[in-house]
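I am opening this notebook to record what I looked up, one entry at a time, for a reader who is new to the structure.

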Amino acid sequence: MNKPAQYLINLFILPTVILFSSVSSAHSRFVLPTHTSLSGAEPQWVSLDLSISNDFFHPDMAYGGTSDEGDNFFAGLQLQVKDPSGAVYPAQDLVNLGRKSVTAVQIDKDGTYQLRADAPSLLVTTFKTAAGSPGRVFEGDELPEGVTDVAVWRSSNRAETYVTKNSISFDSLVPTGEGIELGEGSHPNDLFAGEDICFQFLMDGEPVAEGHEVMIVRDGTRHRNSRSEIPAITDAEGRVSFQFPEGGFYFIELIIEQEASAGLNYDFDYHTYSATLEVWPE
(Lines give C-alpha, C1' and ligand atoms only; values in the text may rest on other atoms or scores of the structure.)
Protein backbone atom coordinates (compact mmCIF):
# COMPACT_ATOMS: atom_id res chain seq x y z
CA MET A 1 0.00 0.00 0.00
CA ASN A 2 1.37 3.46 -0.88
CA LYS A 3 1.90 6.07 1.81
CA PRO A 4 -0.95 8.43 0.79
CA ALA A 5 -3.46 5.56 0.89
CA GLN A 6 -2.17 4.38 4.26
CA TYR A 7 -2.36 7.98 5.54
CA LEU A 8 -6.04 8.22 4.56
CA ILE A 9 -6.80 4.93 6.33
CA ASN A 10 -5.01 6.15 9.45
CA LEU A 11 -7.07 9.35 9.40
CA PHE A 12 -10.23 7.23 9.32
CA ILE A 13 -9.15 4.69 11.92
CA LEU A 14 -7.58 7.04 14.50
CA PRO A 15 -10.76 8.69 15.85
CA THR A 16 -12.44 5.29 16.07
CA VAL A 17 -9.43 3.79 17.88
CA ILE A 18 -9.55 6.63 20.40
CA LEU A 19 -13.27 6.02 20.90
CA PHE A 20 -12.74 2.28 21.38
CA SER A 21 -9.90 2.83 23.84
CA SER A 22 -11.94 5.32 25.84
CA VAL A 23 -14.87 2.98 26.37
CA SER A 24 -13.06 -0.37 26.62
CA SER A 25 -11.44 -1.62 29.78
CA ALA A 26 -8.02 -0.10 30.24
CA HIS A 27 -7.06 -2.92 32.56
CA SER A 28 -4.44 -5.44 31.50
CA ARG A 29 -4.66 -9.20 31.85
CA PHE A 30 -1.88 -11.27 33.35
CA VAL A 31 -0.98 -14.86 34.21
CA LEU A 32 1.42 -14.94 37.18
CA PRO A 33 3.17 -18.23 38.08
CA THR A 34 4.64 -19.04 41.47
CA HIS A 35 7.76 -20.38 39.72
CA THR A 36 9.28 -20.08 36.25
CA SER A 37 12.36 -22.22 36.91
CA LEU A 38 12.34 -25.68 38.52
CA SER A 39 14.95 -28.38 39.01
CA GLY A 40 15.01 -32.00 40.09
CA ALA A 41 13.80 -35.35 38.82
CA GLU A 42 10.40 -35.45 40.53
CA PRO A 43 7.22 -33.81 39.12
CA GLN A 44 6.43 -30.46 40.71
CA TRP A 45 3.42 -28.14 40.85
CA VAL A 46 3.24 -24.51 39.76
CA SER A 47 0.29 -22.42 40.93
CA LEU A 48 -0.94 -19.50 38.82
CA ASP A 49 -2.92 -16.34 39.46
CA LEU A 50 -4.95 -14.85 36.60
CA SER A 51 -6.32 -11.34 36.99
CA ILE A 52 -7.32 -8.13 35.23
CA SER A 53 -5.55 -5.17 36.79
CA ASN A 54 -3.53 -2.03 36.15
CA ASP A 55 -1.25 -2.74 39.13
CA PHE A 56 1.32 -5.40 38.21
CA PHE A 57 0.98 -7.93 39.76
CA HIS A 58 -1.65 -6.94 42.30
CA PRO A 59 -4.95 -8.67 41.40
CA ASP A 60 -8.11 -6.64 40.88
CA MET A 61 -10.71 -8.63 38.90
CA ALA A 62 -10.97 -12.39 38.44
CA TYR A 63 -10.03 -13.64 34.98
CA GLY A 64 -11.97 -16.87 34.44
CA GLY A 65 -13.73 -19.44 36.59
CA THR A 66 -17.04 -19.18 38.43
CA SER A 67 -18.06 -17.90 41.84
CA ASP A 68 -21.07 -17.97 44.15
CA GLU A 69 -22.25 -14.78 42.46
CA GLY A 70 -22.50 -16.57 39.12
CA ASP A 71 -20.50 -16.62 35.92
CA ASN A 72 -18.73 -13.61 34.51
CA PHE A 73 -17.99 -13.12 30.83
CA PHE A 74 -14.67 -14.92 31.19
CA ALA A 75 -16.17 -17.93 32.97
CA GLY A 76 -15.36 -20.08 29.92
CA LEU A 77 -11.70 -19.11 29.93
CA GLN A 78 -9.32 -22.08 30.15
CA LEU A 79 -5.58 -22.01 30.76
CA GLN A 80 -3.90 -24.08 28.05
CA VAL A 81 -0.65 -25.94 28.60
CA LYS A 82 1.85 -26.63 25.82
CA ASP A 83 4.47 -28.99 27.24
CA PRO A 84 8.09 -29.46 26.09
CA SER A 85 7.01 -32.04 23.50
CA GLY A 86 4.59 -29.57 21.93
CA ALA A 87 1.49 -31.39 23.21
CA VAL A 88 -1.40 -29.08 24.18
CA TYR A 89 -3.93 -29.77 26.94
CA PRO A 90 -5.99 -27.80 29.47
CA ALA A 91 -4.82 -27.01 32.99
CA GLN A 92 -7.07 -27.66 35.95
CA ASP A 93 -10.29 -25.65 35.91
CA LEU A 94 -9.91 -22.05 37.00
CA VAL A 95 -11.40 -21.09 40.36
CA ASN A 96 -12.80 -17.58 40.77
CA LEU A 97 -11.65 -16.06 44.07
CA GLY A 98 -13.20 -12.63 43.57
CA ARG A 99 -10.15 -10.53 42.79
CA LYS A 100 -8.31 -13.24 40.91
CA SER A 101 -8.67 -16.69 39.39
CA VAL A 102 -6.32 -19.52 40.30
CA THR A 103 -5.23 -22.86 38.90
CA ALA A 104 -2.23 -25.20 39.02
CA VAL A 105 -0.14 -27.15 36.51
CA GLN A 106 1.99 -30.19 37.18
CA ILE A 107 5.45 -29.83 35.62
CA ASP A 108 6.75 -33.35 35.06
CA LYS A 109 8.86 -33.15 31.88
CA ASP A 110 12.25 -31.54 31.41
CA GLY A 111 12.11 -28.45 29.23
CA THR A 112 9.96 -25.37 28.71
CA TYR A 113 6.19 -25.15 29.15
CA GLN A 114 4.02 -22.43 27.62
CA LEU A 115 0.96 -21.55 29.77
CA ARG A 116 -1.54 -19.51 27.75
CA ALA A 117 -5.00 -18.04 28.36
CA ASP A 118 -6.95 -16.96 25.26
CA ALA A 119 -10.13 -15.08 26.15
CA PRO A 120 -13.29 -15.71 24.09
CA SER A 121 -13.56 -13.38 21.10
CA LEU A 122 -15.91 -10.49 21.81
CA LEU A 123 -17.82 -8.14 19.49
CA VAL A 124 -18.14 -4.60 20.81
CA THR A 125 -19.99 -1.75 19.11
CA THR A 126 -18.69 1.72 19.95
CA PHE A 127 -20.49 4.99 19.27
CA LYS A 128 -21.02 8.57 20.33
CA THR A 129 -24.29 9.40 22.04
CA ALA A 130 -26.55 12.22 20.90
CA ALA A 131 -24.86 14.32 23.60
CA GLY A 132 -21.42 13.54 22.15
CA SER A 133 -20.11 11.24 24.89
CA PRO A 134 -18.56 7.83 24.07
CA GLY A 135 -20.48 4.61 24.64
CA ARG A 136 -20.44 0.91 23.85
CA VAL A 137 -22.74 -2.09 23.70
CA PHE A 138 -21.88 -5.77 23.48
CA GLU A 139 -23.02 -8.33 20.94
CA GLY A 140 -26.80 -8.81 21.15
CA ASP A 141 -27.49 -5.45 22.82
CA GLU A 142 -29.42 -2.72 21.02
CA LEU A 143 -27.94 0.65 20.15
CA PRO A 144 -29.48 3.72 21.78
CA GLU A 145 -31.35 6.23 19.63
CA GLY A 146 -29.49 9.05 17.91
CA VAL A 147 -25.95 7.62 18.08
CA THR A 148 -23.18 8.49 15.61
CA ASP A 149 -19.68 7.24 14.75
CA VAL A 150 -20.81 3.62 15.03
CA ALA A 151 -18.10 0.96 14.62
CA VAL A 152 -18.01 -2.75 15.41
CA TRP A 153 -14.83 -4.21 16.89
CA ARG A 154 -13.70 -7.79 17.38
CA SER A 155 -11.70 -7.87 20.59
CA SER A 156 -9.32 -10.74 21.35
CA ASN A 157 -7.01 -11.11 24.33
CA ARG A 158 -4.08 -13.46 24.96
CA ALA A 159 -2.07 -13.71 28.17
CA GLU A 160 0.75 -16.18 28.76
CA THR A 161 3.81 -17.14 30.74
CA TYR A 162 6.53 -19.80 30.60
CA VAL A 163 7.95 -22.35 33.04
CA THR A 164 11.10 -24.45 32.56
CA LYS A 165 12.17 -27.59 34.41
CA ASN A 166 15.93 -28.33 34.48
CA SER A 167 16.85 -26.96 31.04
CA ILE A 168 15.24 -24.72 28.44
CA SER A 169 13.73 -26.14 25.25
CA PHE A 170 12.03 -24.68 22.19
CA ASP A 171 9.22 -26.95 20.94
CA SER A 172 6.62 -25.19 23.09
CA LEU A 173 7.72 -21.85 21.63
CA VAL A 174 6.81 -22.74 18.03
CA PRO A 175 4.18 -20.19 16.86
CA THR A 176 0.71 -21.37 15.84
CA GLY A 177 0.23 -18.66 13.23
CA GLU A 178 -2.86 -17.28 14.96
CA GLY A 179 -3.06 -13.94 16.74
CA ILE A 180 -0.15 -12.16 18.40
CA GLU A 181 2.72 -14.44 19.43
CA LEU A 182 6.41 -14.40 20.19
CA GLY A 183 8.65 -15.35 17.28
CA GLU A 184 12.43 -15.67 17.16
CA GLY A 185 14.57 -14.09 19.84
CA SER A 186 15.53 -14.45 23.48
CA HIS A 187 14.19 -17.46 25.33
CA PRO A 188 11.51 -16.30 27.82
CA ASN A 189 13.01 -18.41 30.62
CA ASP A 190 16.62 -17.33 30.06
CA LEU A 191 16.51 -13.65 30.95
CA PHE A 192 19.05 -11.74 33.06
CA ALA A 193 19.27 -8.10 34.10
CA GLY A 194 21.81 -6.06 32.13
CA GLU A 195 21.90 -8.44 29.16
CA ASP A 196 20.77 -7.56 25.64
CA ILE A 197 17.24 -8.90 25.06
CA CYS A 198 15.48 -9.28 21.71
CA PHE A 199 11.87 -10.36 21.19
CA GLN A 200 10.10 -10.71 17.87
CA PHE A 201 6.33 -10.31 17.70
CA LEU A 202 4.20 -12.03 15.07
CA MET A 203 0.63 -11.32 13.98
CA ASP A 204 -1.04 -14.33 12.34
CA GLY A 205 2.40 -15.77 11.61
CA GLU A 206 3.90 -12.62 10.05
CA PRO A 207 6.18 -10.06 11.72
CA VAL A 208 4.30 -7.23 13.36
CA ALA A 209 4.60 -3.96 11.45
CA GLU A 210 7.18 -1.36 12.37
CA GLY A 211 6.28 1.31 14.90
CA HIS A 212 4.15 -0.58 17.44
CA GLU A 213 4.88 0.37 21.04
CA VAL A 214 5.47 -2.54 23.42
CA MET A 215 4.83 -1.87 27.11
CA ILE A 216 7.45 -3.40 29.43
CA VAL A 217 6.94 -2.82 33.15
CA ARG A 218 8.54 -4.33 36.28
CA ASP A 219 6.25 -5.62 39.04
CA GLY A 220 5.30 -3.53 42.06
CA THR A 221 3.63 -0.59 40.28
CA ARG A 222 1.15 -0.31 43.14
CA HIS A 223 3.89 0.94 45.45
CA ARG A 224 5.76 3.44 43.30
CA ASN A 225 4.76 6.75 41.77
CA SER A 226 6.01 5.97 38.27
CA ARG A 227 5.52 2.84 36.21
CA SER A 228 9.08 3.25 34.89
CA GLU A 229 8.26 1.63 31.56
CA ILE A 230 11.13 0.40 29.42
CA PRO A 231 10.81 2.03 25.97
CA ALA A 232 10.48 -0.46 23.10
CA ILE A 233 9.09 -0.01 19.58
CA THR A 234 8.93 -2.74 16.93
CA ASP A 235 11.27 -2.49 13.97
CA ALA A 236 10.59 -3.58 10.38
CA GLU A 237 10.90 -7.26 11.41
CA GLY A 238 8.61 -6.95 14.42
CA ARG A 239 11.54 -7.00 16.87
CA VAL A 240 12.24 -4.98 19.99
CA SER A 241 15.67 -4.81 21.64
CA PHE A 242 16.32 -3.59 25.18
CA GLN A 243 17.79 -4.50 28.59
CA PHE A 244 16.00 -5.33 31.84
CA PRO A 245 17.51 -2.99 34.47
CA GLU A 246 17.07 -5.37 37.42
CA GLY A 247 15.66 -8.73 38.41
CA GLY A 248 12.00 -9.42 39.11
CA PHE A 249 8.77 -10.25 37.34
CA TYR A 250 7.98 -8.13 34.29
CA PHE A 251 4.76 -7.50 32.40
CA ILE A 252 4.93 -7.14 28.61
CA GLU A 253 1.99 -6.01 26.50
CA LEU A 254 1.40 -5.32 22.82
CA ILE A 255 -1.88 -3.97 21.41
CA ILE A 256 -2.67 -4.06 17.69
CA GLU A 257 -5.64 -2.20 16.22
CA GLN A 258 -6.35 -2.74 12.53
CA GLU A 259 -9.05 -2.57 9.90
CA ALA A 260 -10.90 -5.87 9.44
CA SER A 261 -10.84 -7.81 6.20
CA ALA A 262 -13.67 -7.19 3.75
CA GLY A 263 -16.87 -9.20 4.09
CA LEU A 264 -16.76 -9.69 7.87
CA ASN A 265 -19.48 -8.64 10.32
CA TYR A 266 -17.21 -6.17 12.10
CA ASP A 267 -15.09 -3.18 11.11
CA PHE A 268 -11.91 -3.39 13.19
CA ASP A 269 -9.76 -5.86 15.11
CA TYR A 270 -8.44 -5.03 18.57
CA HIS A 271 -5.83 -7.62 19.61
CA THR A 272 -3.95 -7.60 22.91
CA TYR A 273 -1.04 -9.81 23.90
CA SER A 274 0.61 -9.96 27.30
CA ALA A 275 3.32 -12.07 28.89
CA THR A 276 4.64 -12.41 32.42
CA LEU A 277 8.39 -13.04 32.46
CA GLU A 278 10.82 -13.54 35.32
CA VAL A 279 14.21 -11.86 35.09
CA TRP A 280 17.20 -12.92 37.20
CA PRO A 281 19.82 -10.59 38.67
CA GLU A 282 23.20 -10.23 36.98
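**Entries on salt bridges**

I began with Lys109, which is partly exposed, its relative accessible area being 35%. I noted at the outset that I am reading a predicted model, and I checked the confidence values in a later entry.

I then asked which residue the side chain of Lys109 meets in a salt bridge. I found Asp83 there, with 3.1 Å from N to O. The two residues belong to distant parts of the chain, 26 residues apart: Asp83 sits in the loop between strand 7 (79-82) and strand 8 (88-90), while Lys109 sits in the loop between strand 10 (101-107) and strand 11 (111-118). Is Asp83 buried or exposed? I recorded it as buried, because its relative accessible area of 2% falls under the 20% cut-off.

Next I looked up Arg158 and found that it forms a salt bridge with Asp118, the closest N and O atoms lying 2.8 Å apart. Arg158 is in strand 14 (residues 148-165) and Asp118 is in strand 11, so this pair ties together parts that are 40 residues apart in sequence. For accessibility I wrote down that Arg158 is buried, at a relative accessible area of 12%, whereas Asp118 counts as partly exposed at 35%.

My third pair was Arg239 and Glu184, which form a salt bridge whose closest N and O atoms are 3.4 Å apart. How many residues apart in sequence are the parts that this pair ties together? I noted 55, since Arg239 lies in strand 19 (residues 239-243) and Glu184 in strand 15 (residues 180-185). Arg239 counts as partly exposed at 25% relative accessibility, and I put Glu184 down as exposed because its 55% is over the 50% cut-off.

After these pairs I turned to salt bridges that share partners, and I found that they join Arg116, Glu160 and Glu181 into one network. For the structure as a whole I wrote down 12 salt bridges, among them the three pairs entered above.

**Entry on confidence**

I closed by checking how confident the predictor is, and I recorded a mean pLDDT of 88 for the protein, with 88% of its residues reaching 70 or more. Where does the pLDDT fall below 50? I found this over residues 1-18, a stretch that has 11 contacts in the model beyond near neighbours in sequence.

Methods
Residues numbered from 1 in each chain as written. Predicted model: local features only at pLDDT ≥ 70, side-chain atom pairs only at ≥ 80, totals over all residues. Heavy atoms only, no water. Salt bridge = Lys/Arg side-chain N within 4 Å of Asp/Glu carboxyl O. Helix = DSSP H or I, 4+ residues; strand = E, 2+ residues; numbered from the N terminus. Buried < 20%, exposed > 50% of the residue type's maximum accessible area, 1.4 Å probe, protein only. pLDDT = per-residue confidence, 0-100. Contact = heavy atoms within 4.5 Å.
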